[in-house]
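Thanks for coming. I will go through one chain this morning, starting with the backbone and then moving to charges and one helix.

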Amino acid sequence: MSMPYGARLADEMTRRLGRGCVYTPSARLALYLALRHWCRPGARVLMSPVNDDVILFVVLAAGLRPVQAPVSAWDGNIDPAAVPESTWRGVDAVLTTNLYGVPDRVVELRERCDRLGIPLFEDAAHAIGARVEGRPVGTFGDAAAFSLSKHVAAAAGGFLAVGDARTRREVELLRDELLTPRRLRHDLTTTLRPLVRSAVRSTGLVRPVWRTMQRLGLLERDSFRMDLRPRQLAGAAGRAPDLAAYESWVRVDLHGFRSRHGAAVRAQQKLRMARLESDLARRRVGVSLLGETAWAGRPLRERSAEEGPPPLFRVPLLVHDRDALLDRLVDHGLVCGYVYDPPLDDYAGAEFVEPSPDPAAARWFAAHTLPADPLLARRVINALTEERARPARPKAPLPPALTGG
């Protein structure tokens, strides 16, 4: 009997996490599997509005109603204390973000979900290596979605961590129904993309390559968000839950998000997984450097000083004139992606999401956050210093201290 698809990679992640994992071609497919497995169509899912638009469309594709939560203006994650009791009573599940690798207040969210008898899902795409109270992010929820295209930089692959063998098998069966056949073009693109990205960075060609892509219209997003296309989106709602109906939104920036991978892709993933620990160590060094700057949010600087720096995927620096800074940083060879502005309720509107009862913090955070790659910390610091970037601070109370590292 042949091994399940991606079983060897799943076993490696299981050893790392201490929890059973199912391999998927992407984190977005992993999250879709979790939502379909645990939530009935029409269920209401509490989530942060400071999130990738792709995640919004994954939730909609699963036939669910996204409910936007109040967030902390310091990190963009759900602020459990700010969620009204009426909202808590009306939701059927909670989805964390762990934005940029900064953990959600997952202990509070787990306790609240247990009291309500609803599932907690962890989007841990940014959070491999993050811990809360000594436990890895991804072990608190009923399920957790991980990505290999972030810390591991493999350009494809993900995992769904779940609790028991029976659930894993059920999820594997649903995954296999949704997988599309392997395509040589997708395999070549997936294998070559990280190599091309590294070559561009090492040869100093970031600025001309990025500017050329902008001029030629080769980027799938003209701004921070993709085109909503509300008329077509409303039409897709009549078919949900149906991943195919939403595929043109869910596949943005990763067209092979549910394609089977061949041997070349799997070999690259295995090689990059072997480098994960060294990557996490280098990230901690970069986070420490960035956390000492005036642009770092106060909780990050306090956490770095007291517990040691977490291995963030990006460091959320808080600056004035963020959009202009992002454009000028390209001239320094720095392209800062993963900007989630405007918040999802402003982006999609009440037709497609339930708006946050208190959107101010999300709007402030989304407009002032500059996600800095900790692997390029010194270059980021030099560039922001040269550009005389001004630090920004929210007029909001600090969130409770996070524990772990």
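Pro-342 sits in the loop between helix H14, residues 322–330, and helix H15, residues 344–348. This is a predicted model, so please hear everything that follows as a description of a prediction. The bond that leads into this proline, from Asp-341, is a cis peptide bond, with omega at about 5 degrees.

The loop between H14 and H15 also holds Tyr-338. Tyr-338 is not a glycine, and still its phi is positive, at about 60 degrees. Is Tyr-338 buried, exposed or partly exposed? Its relative accessible area is 30%, so Tyr-338 counts as partly exposed.

There is another cis bond to mention. It runs from Ala-240 to Pro-241, and omega there is near 0 degrees. Pro-241 belongs to the loop that connects helix H9, 230–237, with helix H10, 247–250.

Arg-388 is another non-glycine residue with a positive phi, in this case about 55 degrees. You will find Arg-388 in the segment after helix H17, which spans 377–386. With a relative accessibility of 73%, Arg-388 is exposed.

Now the overall picture. The chain has 405 residues, and 56% of them are buried. It is built with 17 helices and eleven strands. Taking contacts with a separation of 6 or more, 75% are between residues 24 or more positions apart. The accessible surface comes to about 17100 Å², and carbon and sulfur atoms account for 52% of that.

On to charges. Side chains of opposite charge can pair when their charged atoms come close. How many salt bridges does the structure hold? The count is 21. I will take three examples.

The first example is Glu-277 with Arg-16, where the closest N and O atoms are 2.7 Å apart. This pair links distant parts of the chain, since Glu-277 is in helix H12, residues 276–291, and Arg-16 is in helix H1, residues 7–17, with the two positions 261 residues apart in numbering. Glu-277 is partly exposed, at 45% relative accessible area. Arg-16 is partly exposed too, at 33%.

Staying in helix H12, the next example is Arg-283 with Asp-279. Their closest N and O atoms are 2.7 Å apart, which makes a salt bridge. Both residues lie in H12, four residues apart, or about one turn of the helix. Are these two residues buried or exposed? Arg-283 has a relative accessible area of 3% and is therefore buried, being under the 20% cut-off. Asp-279 is buried as well, at 8%. The pair is part of a network: salt bridges with shared partners join Asp-279, Arg-282, Arg-283, Arg-314 and Asp-373.

The last example is in helix H6, residues 165–178. Arg-169 and Glu-172 are both in that helix, three residues apart, again about one turn. Their side chains meet in a salt bridge, with 3.3 Å from N to O. In this pair Arg-169 is partly exposed, with a relative accessible area of 41%, whereas Glu-172 is buried, at 13%.

I will finish with helix H5, residues 106–116. Which residues of H5 are buried? They are Val-106, Leu-109, Arg-110, Arg-112 and Cys-113. Viewed down the axis of H5, the buried residues fall within an arc of 165 degrees, so they line one face of the helix. Asp-114 and Arg-115, on the other side of H5, are exposed.

What covers that buried face? The cover includes helix H4, at 85–90, and strand E4, at 93–95. Strand E5, at 120–123, and strand E6, at 131–132, are also part of the cover. After H5 comes Gly-117, which has a positive phi, near 70 degrees.

To recap the places to look at on screen: the cis bond from Asp-341 to Pro-342, the salt-bridge network that includes Asp-279 and Arg-283, and the buried residues along one face of H5. I can take questions now.

Conventions. Residues are numbered from 1 along each chain as its sequence is written. This is a predicted model: local features need pLDDT of at least 70, side-chain atom pairs count only at pLDDT 80 or more; totals for chains, interfaces and linings use all residues. Side-chain values use heavy atoms; hydrogens and water are left out. Buried means under 20% relative accessible area, exposed over 50%, partly exposed in between (1.4 Å probe, protein chains only). Contact means heavy atoms within 4.5 Å. Accessible areas come from the Shrake-Rupley method with a 1.4 Å probe; for residues, only the protein chains shown count as cover. A salt bridge is a side-chain nitrogen of Lys or Arg within 4 Å of a carboxyl oxygen of Asp or Glu. The arc is that of the directions from the helix axis to the C-beta atoms.
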